[in-house]
Amino acid sequence: MNGITNNNDLKSITSFFEKQEISLIAPTTEELSRQLAEWNNTKYDYPAHTALHKLISGRAVECPDKTAITFGEQKITYKILNEQVNQLAAILIKNEVKKGDRVGLALDRSAEMVIALLAIMKTGAVYIPLDPQFPLNRINYMLEDSQAVILLTSIKYKNHFQSPAKELLIEELWETLDNYPATDPEVEVNGNDLVYILYTSGSTGLPKGAQITHQNLVNFLISMQRAPGLTATDKLLAVTTISFDIAGLELYLPLLAGAEIVIADTKATKDGWALLDIIKKEKVSVLQATPYTWRLLLEAGWDASTPLKVICGGEALPLELSQKILERASSLWNVYGPTETTIWSTVKQLTSADEVISIGRPINNTAIYIVDKYLNPLAPGIPGEIYIGGDGVAMGYLNRPELTAEKFVEDPFSKQAGNKMYRTGDLGKFMPNGEIECLGRIDAQVKIRGYRIETGVLEYQLAKENDIKQAVVIARPDKFGVDKLLAFIITKNTDEALNTTARIHNWKAVLKNSLPDYMVPDNFIIVPAMPLTPNGKIDKKALPDPEISDTVKLHTGPRNETEAVLTGIWQELLGLQQVGIYDNFFDLGGHSLLALRVIANVEKVTSKQFPVNVLFEYQTIEKFAEFLEEDGKKSKLQSLVPIKAAGNNKPLYVVSGINGTAFAFVRFANMLDAEQPVYLLQEPQEIGEMEEFPATVEGIAATYIDQILKQNPDGPFAIAGHCFGGIIAFEMAKQMEKMGKEVKLLALMDIDISDFETLQPGMKKNLYFIKHKIQNELHKIYKNTYLFVAHRQLFFKYRNEYHRRLLNKYKKIAKPNYNIEEYNFSQKVTQLYEKAKKNYQFTPYNIDVIIFRAKIASYHRDDKKFSGWKPFVNSIEVRDVEGDHLTMLESNDLPTILQQDLNRYLK
């Protein structure tokens with residue numbers, strides 16, 4: 001194996017890391033801690049122990065005659081606002097509302113709605129915001145779960161809700177307002193007291209109530225007053241339902257700053273033209289909204305003649321939308337944060353120079369951590385889960401102790417004992433400048449063909465395309481019950497004359513350049529608009545449910561009977577209306593289980609038997625038909641299987657372990673660079689081949705080398721081996737070097753050779769055997785057995801289906817008294833390999849190796865550092881990768897790190 005030999009090698013490595021936004025020299029733990037501490041240095045003094053309503057009352061003293069609220073033609077000054085809040089609070093107290101009580105509020109958008117919210121605060125009670133437009137069952141659940149003692153609503157909704165809470169009607173209370181004092185009620189409320197409980201969607205389908213304190217809210221508002229910034233001269237248009245936490249900024253930030261709230265009614269909030277009219281009439285200077293509302297305004301004709309300070313949040317802000325807003329806005333601020341950390345936790349002012357939409361940096365007294373699953377902080381450029389700490393972290397969920405314990409965890413980075421941080425479930429990474437790029441939801445995860453996929457990553461990639469306005473990706477089952485990815489697209493140009501098929505081909509091609517094939521959606525559905533929840537977010541459950549139909553309309557139909565037969569089989573199994581003879585089986589959504597069914601159906605039609613891996617070699621109908629018309633002349637299965645034959649890089653040859661199949665390496669191969677060919681060297685796949693297959697490691701290695709040299713006689717070569725395949729790969733490298741062939745890379749994937757069969761001679765063997773078995777059993781108990789079993793089932797499910805099909809064949813020819821267990825193919829292969837391993841004599845060899853070791857050990861490791869290889873090789877580099885012995889092939893770690901080594905040694 002050769003190392004870096006010239007400056008060009010170094011430049012190529014540097015270029016790779018720069019493209020990935022990863023530093024070539026990884027920071028030390030100390031350097032990383034210092035860097036994160038600097039980025040999270042957000043300390044800012046504020047009145048943490050003061051209740052929000054006291055600060056707003058202070059503004060009423062400072063500017064009593066200034067307009068505080070505008071709603072239609074109604075205008076209320078700060079003095080009148082404060083007095084009416086105090087009077088309504090006195091009425092609530094008379095109705096036995098006490099400090100700490102929960103009060104539900106269900107009012108239409110109005111000035112009285114704001115007054116009622118502040119009045120509840122002044123009683124020391126906790127308000128539950130309820131938008132009357134929300135589903136009735138949802139509101140009833142929130143009232144019951146919160147155990148609200150009072151429901152403050154209007155005559156319009158009298159007896160509309162089902163709740164044990166005492167119902168008070170705002171109109172009736174308003175008639176008696178002047179009978180109560182306009183002075184502050186004598187109720188002590190401090191920063192640690194709850195101000196509201198806001199219900200958010202739960203993964204179980206039931207909303208969960210996040211408990212927010214006055215301190216949480218005050219810290220947030222004062223930070224927002226600084227940046228994006230709000231002054232007493234501003235007018236902010238409030239458009240958000242009170243059941244969406246971001247309404248807290250719209251309703252309270254202006255009052256805290258001595259500015260003016262302009263409240264849009266419910267109808268106007270959904271009408272871009274009506275909103276634009278209000279903005280112009282009232283000379284609004286600031287507006288916070290979701291991307292959806294900003295699109296409404298753009299479609300209504302908003303232009304630079306009406307500049308606004310724009311605050312955008314709630315969903316990811318696409319780059320193309322940000323550019324349109326920047327052409328019209330006085331400034332644009334992207335904000336991010338979950339309800340559980342009090343509205344927004346990060347902020348970023350965007351400019352036209354921004355090529356990536358970041359969510360910026362943490363707000364006042366807030367810390368952002370990006371960590372792995374072990375809560376280790378990750379260096380810039382490396383994606384991980386976003387955790388949020390600081391003064392915005394809520395008190396947890398109401399009545400949900402288990403969920404609270406899961407999501408609100410101890411903050412190991414805080415110097416103050418007992419501080420919590422919130423696990424967002426969002427994927428993100430630090431950029432080199434300390435800003436944060438949010439990459440979508442971790443828990444928006446779907447499982448396709450055994451692979452876990454974050455749909456947010458796909459949406460993020462698609463949103464970068466110039467002709468895509470918005471993209472939403474979901475998983476839906478086809479007629480066989482197999483989940484497939486659907487991408488719903490809103491295009492920028494709705495001209496039906498445009499070539500839809502060409503666009504879809506382009507989108508697929510773009511995704512394939514940055515993502516593995518299995519992450520490319522099977523179907524692209526162009527829609528005029530996305531269905532929305534009452535909060536203005538996309539309602540994925542309401543997306544149309546089209547049949548999985550053809551997305552490739554430009555196709556060449558079958559030209560002969562063989563192609564016609566194959567086309568029919570593919571269409572039926574893939575659930576497509578049309579398939580072209582040049583379409584790739586795997587590009588159309590084909591996967592390993594479907595490949596087995598294709599072969600089985602072809603065998604029924606032709607009455608011939610074919611190796612299951614034939615689809616890897618002939619992936620289009622044209623090529624498969626040519627293979628069939630040659631009467632299967634190439635049907636003798638070769639050990640060398642092209643998993644990914646295309647690409648200009650030097651190929652990687654991977655030796656599978658015991659019972660390994662090409663299917664297990666498809667994802668691994670697709671995760672490597674697009675230009676990286678991958679060939680698999682595998683054991684016999686048919687029982688008839690067992691007689692010809694060598695029974696020694698040396699013989700297997702020689703057989704594999706012979707097939708490699710027929711395909712690639714010159715090299716240089718990169719060889720990898722998983723499990724027992726690592727031993728074969730080691731022997732192959734030795735034999736190839738003796739033949740004068742250059743092996744530049746030898747990678748051993750989780751193969752430990754420090755066992756009794758290979759290292760322990762003579763009388764010590766039995767003792768070592770006993771010790772080894774005991775240690776392995778103890779390790780199995782220690783390890784999470786359930787997950788291990790689940791992983792094994794996932795790994796072997798393709799082979800098991802293959803075996804069932806194979807055994808069914810032999811049942812047809814077996815004699816009545818024939819023992820079918822003799823055809824247990826996997827056991828025969830295992831026995832052959834175990835015998836070969838036992839008889840193999842390791843001898844030292846002057847070669848460098850890279851060991852890829854699974855972080856989760858599936859067995860006891862005697863040599864925890866070098867897995868027993870130290871005595872037999874020249875040097876060892878160890879790479880720890882995510883997963884266990886089996887699932888490491890599914891992880892992103894293994895192919896990502898291996899590709900770096902391939903680039904390093906083969907270029």
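**Exercise 1. Decide whether His722 in this predicted model is buried or exposed, and describe its surroundings.**

Step 1. The relative accessibility of His722 is 3%. The cut-off for buried is under 20%, so His722 counts as buried.

Step 2. Place the residue: His722 belongs to strand S29.

Step 3. Now list its partners, setting aside neighbours within four places in sequence. His722 is in contact with Val655, Ser656, Gly657, Phe665, Met749, His885, Met888 and Leu889.

Step 4. For a look across the sequence, take Phe852: 130 residues separate it from His722 in sequence, while the C-alpha to C-alpha distance is 9.1 Å.

**Exercise 2. Work out the order of the seven-strand sheet that includes S29, and find what packs on it.**

Step 1. A reminder helps here: strands of a sheet pair through backbone hydrogen bonds, either parallel or antiparallel.

Step 2. Reading across, the order is S26-S28-S27-S29-S30-S31-S32, in an open sheet with mixed pairing.

Step 3. The edges are strand S26 (640-644) and strand S32 (875-881), each of which pairs on one side only. From one strand to the next, the twist averages 25°.

Step 4. Zoom in on one edge. S26 and strand S28 (residues 678-681) run antiparallel and are joined by four bridges. Lys644 faces Val678 of S28 as its opposite residue.

Step 5. Add the helix: H22 (residues 724-738) packs on this sheet and touches strand S27 (652-655), S28, strand S29 (717-722) and strand S30 (743-749). The direction of H22 makes about 155° with that of S29.

**Exercise 3. Find which backbone angles stand out on either side of S29.**

Step 1. Start from the usual case: most residues other than glycine have a negative phi, and most peptide bonds are trans.

Step 2. Look at the loop between helix H21 (697-711) and S29, where Pro716 is found. The peptide bond from Gly715 to Pro716 is cis, with omega near 0°.

Step 3. Move to the loop between S29 and H22, which holds Cys723. Phi of Cys723 is positive, near 60°, although the residue is not glycine. With a relative accessible area of 21%, Cys723 is partly exposed.

**Exercise 4. Describe the nine-strand sheet and say how helix H11 sits against it.**

Step 1. This open sheet has the order S2-S1-S10-S9-S11-S12-S13-S14-S15, and its pairing is mixed. Strand S2 (74-77) and strand S15 (361-362) are the edges, pairing on one side only.

Step 2. H11 packs on the sheet through contacts with strand S11 (286-289) and strand S12 (309-312). Its direction makes about 125° with that of S11.

Step 3. Check how covered the helix is. Seven of the nine residues of H11 (residues 291-299) are buried: Pro291, Thr293, Trp294, Arg295, Leu296, Leu297 and Leu298.

Step 4. Follow the chain onward: after H11 comes Gly301, with a positive phi near 100°.

Step 5. Return to the S15 edge. S14 and S15 pair in the antiparallel sense over two bridges, and Thr346 stands opposite Pro362 in S15.

Step 6. One more residue deserves a visit: Ile343, in the loop between strand S13 (331-336) and strand S14 (346-350). Its phi is positive, near 70°, and Ile343 is not glycine. At 0% relative accessibility, Ile343 counts as buried.

Notes. Residues are numbered from 1 along each chain as its sequence is written. This is a predicted model: local features need pLDDT of at least 70, side-chain atom pairs count only at pLDDT 80 or more; totals for chains, interfaces and linings use all residues. Side-chain values use heavy atoms; hydrogens and water are left out. Buried means under 20% relative accessible area, exposed over 50%, partly exposed in between (1.4 Å probe, protein chains only). Two strands pair if DSSP finds at least two bridges between them. Axes are lines fitted to C-alpha atoms, for helices over the stretch in contact, and angles run from 0 to 180 degrees between N-to-C directions. Contact means heavy atoms within 4.5 Å.
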